[in-house]
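Trainee: I've got a new model open and I'd like to work through it with you. Can we start with one residue and build out from there?

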Amino acid sequence: MPTEFNIIEKYFTRASQNADLGVGDDAALIQISAGHQLAVSADMSVAGTHFLADCPAYFVGWKSLAVNVSDMAAMGATPKWATLAIALPNIDEAWLAEFSRGFFACADEFSISLIGGDTTRGPLNISVQIMGELPIDKALRRDGAKLGDEIWVSGTLGEAALGLAQLQKKLPENTLSATERQVCIDALQAPQPRVALGLALQYIANSAIDISDGLLADLGHILERSSLGANLVWEKVPHVHISNEIDTTKLQSLVLNGGDDYELCFTAPASQHDAILAIGKKLNLKLSAIGETTPAPPHKNRLNVYDKNHQAIELKSVGYDHFG
């Protein structure tokens, strides 16, 4: 039976490109570039909550790191180092081999070094801490939005939520074609962090956040921290389109509240509109202006969604809450 240290050495030890000392000692040693700040974030992935029990181990590995990389993207930071702590109910070497393959595929995609961590026995639980760097005072913060900013999102929203609904058998049969089903499941299991976009927005955007709990919930964090309101137009939200009919209210809920998109939502002055479109063209990434910030209303409803005829769209819930 392999020991804890055998597992670490076999599956998680590689040469660290960005660290002076990585896996194998009591602590890693890293050096920050001159004129830069350290950005640090952490996320847990729990079986049954963040991924389905039968999710392929490769994608569990990819996503456990990718969601952290997305946090770096939202701050306009370059991801560089990560630590991994994992609780395993038992030692399944085939699962570990695929998990580490997916984890390091993501690490290689974004030039991230795994520099430490821990393993223990317990219910499957993966905790990743990520560190990156960015020029001092250039972070894309949630509290930086300004009145009259345009509100933008990257990519297409709702695919991951549809993928989850499909896997959980919450959609009528044949709602998605075979191709659409695979696209949506891929979006759920292998999100693509928008690091290049975050870096390009350092000198353009006023605020940013990644969409993990749903557009309305995450944009709501920007509005709350910036003491603003917002109006969105449903038809401008770049949402998933499927060939078969789906109830409009259900689709709106999946797109606006579903979460797991890991796209960026950001605000910027209207004067930067053309510059942002140029960034999207350069990155080959759809960037959509979906609304604007408004004065904070006296009541609790900071965020309003309208259709193209300016009729308000009422939604029963706003985003995912682990304790809701």
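Trainee: Is Asp-260 buried or exposed?
Mentor: Keep in mind that this is a predicted model. Asp-260 sits in the loop between helix 8 and strand 8. The cut-off for buried is under 20% relative accessible area. Asp-260 has 18%, so it counts as buried.

Trainee: And what is phi of Asp-260 near?
Mentor: Most residues other than glycine have a negative phi. Asp-260 is a residue other than glycine with a positive value, and its phi is near 65°.

Trainee: Lys-169 also has a positive phi. Is Lys-169 buried or exposed?
Mentor: Phi of Lys-169 is near 60°, and the residue lies in the loop between helix 4 (159–167) and helix 5 (178–189). Exposed means over 50% relative accessible area. With 74% relative accessibility, Lys-169 is therefore exposed.

Trainee: Back to helix 8. Which residues does Leu-251 touch, leaving out those up to four places away in sequence?
Mentor: Leu-251 belongs to helix 8 (residues 248–257). Its relative accessible area is 14%, so it is buried. Leaving out the sequence neighbors up to four places away, it touches Trp-234, His-239, Val-240 and Ile-246.

Trainee: What separates the C-alpha atoms of Leu-251 and Ala-161?
Mentor: Along the chain, these two are 90 residues apart. In the model, their C-alpha atoms are separated by 9.7 Å.

Trainee: Now strand 8. Why is it largely enclosed by the rest of the structure?
Mentor: In a regular strand, side chains alternate between the two faces of the sheet. On one side of strand 8 are Leu-264, Phe-266 and Ala-268, on the other Cys-265 and Thr-267, and both faces are covered. Strand 8 is largely enclosed because, of its 5 residues, the number buried is 5.

Trainee: Which residue in strand 8 does Ile-209 stand opposite?
Mentor: Strand 6 (residues 207–210) and strand 8 run antiparallel, joined by 4 bridges. Strand 5 (residues 150–154) is also antiparallel to strand 8, again with 4 bridges, and there Ile-151 stands opposite Thr-267. For Ile-209, the residue opposite is Cys-265.

Trainee: There's also an open sheet of 4 strands. Which are its edge strands?
Mentor: The order is 1-4-2-3, and the pairing is mixed. From one strand to the next, the twist averages 15°. An edge strand pairs on one side only, and that describes strand 1 (36–46) and strand 3 (113–121).

Trainee: How many bridges join strand 1 to strand 4?
Mentor: Strands of a sheet pair through backbone hydrogen bonds, either parallel or antiparallel. Strand 1 and strand 4 run antiparallel, with Met-44 opposite Ser-127 in strand 4. The number of bridges joining the two is 11.

Trainee: At about what angle does helix 2 run to strand 4?
Mentor: Helix 2 lies across strand 1, strand 2 and strand 4. Helix 3 lies across strand 2, strand 3 and strand 4, and runs at about 165° to strand 2. For helix 2 against strand 4, the angle is about 30°.

Trainee: Which element gives the most to the largest nonpolar core?
Mentor: That core has 48 residues, and Leu-65, Trp-95, Phe-99 and Phe-266 touch the most other members. Elements giving two or more residues include helix 3 (93–109), strand 4 (125–135) and strand 8 (264–268). With 9 residues, the top contributor is helix 2.

Trainee: How many residues are in the other core?
Mentor: It lies apart from the largest one. Among its members are Leu-157, Leu-171, Leu-219 and Val-305. The count is 34 residues.

Trainee: Zooming out, what percentage of the residues of the protein count as buried?
Mentor: The protein has 9 helices and 10 strands, and it exposes about 16000 Å². Of its 324 residues, the buried portion is 48%.

Trainee: Last one: where does pLDDT stay under 50?
Mentor: Across the protein, the mean pLDDT is 89, and 89% of residues reach 70 or more. The stretch that stays under 50 has 5 contacts beyond four places in sequence. You'll find it at residues 320–324.

Notes. Residues are numbered from 1 along each chain as its sequence is written. This is a predicted model: local features need pLDDT of at least 70, side-chain atom pairs count only at pLDDT 80 or more; totals for chains, interfaces and linings use all residues. Side-chain values use heavy atoms; hydrogens and water are left out. A nonpolar core is a set of buried Ala, Val, Leu, Ile, Met, Phe, Trp, Tyr and Cys residues joined through side-chain atoms within 4.5 Å. Buried means under 20% relative accessible area, exposed over 50%, partly exposed in between (1.4 Å probe, protein chains only). pLDDT is the predictor's confidence in each residue, from 0 to 100. Contact means heavy atoms within 4.5 Å. Two strands pair if DSSP finds at least two bridges between them. Axes are lines fitted to C-alpha atoms, for helices over the stretch in contact, and angles run from 0 to 180 degrees between N-to-C directions. Accessible areas come from the Shrake-Rupley method with a 1.4 Å probe; for residues, only the protein chains shown count as cover.
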